[in-house]
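Trainee: I'm new to this one and would like a close look at a single part of it. Could you take me through it slowly once it's on the screen?

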Amino acid sequence: MNRIILILLYAITSVSALVMLKFAAKNGPLLQFIEGKVHLNISSMAIFGVFLFGISFVLYTYLISKYDLGYIIPLLTALVYVLIFVASYFFFQESITMYKIFGVFLILSGITLLSVGK
């Protein structure tokens with residue numbers, strides 16, 4: 001049970017961080033080079049996104065230290081991909097195509113096959 005909570009917490013923090021950074025980047029790039037100088041366009045949303053990435057990194061390192069890499073990495077990656085697919089539709093009105101749905105189906109099928117016998 002602990003493993004499932006940590007995996008979900010990792011996925012939620014990773015996806016939330018990406019969504020926050022995408023929202024923050026709508027006001028322009030976070031880092032620009034203008035006339036040879038570096039300009040930062042950092043908002044509170046960008047800082048919160050980076051903070052969430054920090055939390056997800058700590059959870060990620062814990063998870064990879066406790067579980068088989070051949071199992072946990074594909075599981076974490078697939079979960080984040082699927083959640084980003086859903087979040088991008090709801091938050092950014094990105095299109096859902098048959099190719100994307102088929103890709104998600106393949107990802108979930110692969111995770112199911114990797115989980116057999118676990």
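Which residues does Ile72 touch, not counting residues up to four places away in sequence? Please start there and work outwards along helix H3.

Mentor: Happy to, and keep in mind that this is a predicted model. Leaving out residues up to four places away in sequence, Ile72 touches Ile7, Leu63, Ile64 and Tyr67. Ile72 is also one of the buried residues of H3.

Let's put that residue in its setting. The largest nonpolar core has 17 residues, and Ile72 is among those with the most contacts inside it, along with Ile7, Tyr10, Leu63, Leu75 and Leu76. Helices H1, H2 and H3 each give two or more residues to this core. H3 gives the most, with eight residues.

Now follow H3 itself. The helix runs over residues 69-92, and its 24 residues reach 32 Å from the first C-alpha to the last, close to the 34 Å expected at 1.5 Å a residue. Its buried residues are Tyr71, Ile72, Leu75, Leu76, Ala78, Val80, Val82, Phe85, Ala87, Ser88 and Phe92. What covers them includes H1, H2 and H4.

H1 is worth a look from its own side too. This helix takes in residues 2-25, and its 24 residues should span 34 Å at 1.5 Å a residue; the end C-alpha atoms are 34 Å apart, so the two figures agree. The buried residues of H1 include Leu6, Ile7, Tyr10, Ala11 and Leu21. H3 returns the favour here: the cover over the buried residues of H1 includes H2 and H3.

H3 has another side to its story, out on the surface. Val86, Tyr89, Phe90, Phe91, Ile96, Met98 and Ile101 make a nonpolar surface patch of about 720 Å². Helices H3 and H4 (98-115) are the elements that give two or more residues to the patch, and H3 gives the most, with four residues. Take Phe90, which lies in H3. Phe90 counts as exposed because its relative accessibility is 59%, and the cut-off for exposed is over 50%. So H3 gives the most residues to the nonpolar core and also the most to the nonpolar patch.

Next, go just past the end of the helix. Right after H3, Gln93 takes a positive phi of about 50°. Then look at Glu94, in the loop between H3 and H4, and at Lys22 in helix H1. Lys22 and Glu94 form a salt bridge, with their closest N and O atoms 3.7 Å apart. The pair links distant parts of the chain, as the two residues are 72 residues apart. The count of salt bridges comes to one. Lys22 counts as partly exposed because its relative accessibility is 41%, and Glu94 counts as partly exposed at 30%.

Finally, step back to the whole chain. The protein chain has four helices and two strands, running α-β-β-α-α-α from the N terminus on. Of its 118 residues, 26% count as buried. Among contacts with a separation of 6 or more, 68% are between residues 24 or more positions apart. The C-alpha atoms fill a box of roughly 55 × 35 × 25 Å along the principal axes. As for the outside, the accessible surface comes to about 8100 Å², and 72% of that belongs to carbon and sulfur atoms.

Technical notes
Residues are numbered from 1 along each chain as its sequence is written. This is a predicted model: local features need pLDDT of at least 70, side-chain atom pairs count only at pLDDT 80 or more; totals for chains, interfaces and linings use all residues. Side-chain values use heavy atoms; hydrogens and water are left out. Patches are made of residues with over 30% relative accessible area and no salt bridge: like charges are joined within 9 Å, nonpolar side chains (Val, Leu, Ile, Met, Phe, Trp, Tyr) within 5 Å. Accessible areas come from the Shrake-Rupley method with a 1.4 Å probe; for residues, only the protein chains shown count as cover. A salt bridge is a side-chain nitrogen of Lys or Arg within 4 Å of a carboxyl oxygen of Asp or Glu. Buried means under 20% relative accessible area, exposed over 50%, partly exposed in between (1.4 Å probe, protein chains only). The expected span of a helix is 1.5 Å times one less than its number of residues. Contact means heavy atoms within 4.5 Å. A nonpolar core is a set of buried Ala, Val, Leu, Ile, Met, Phe, Trp, Tyr and Cys residues joined through side-chain atoms within 4.5 Å.
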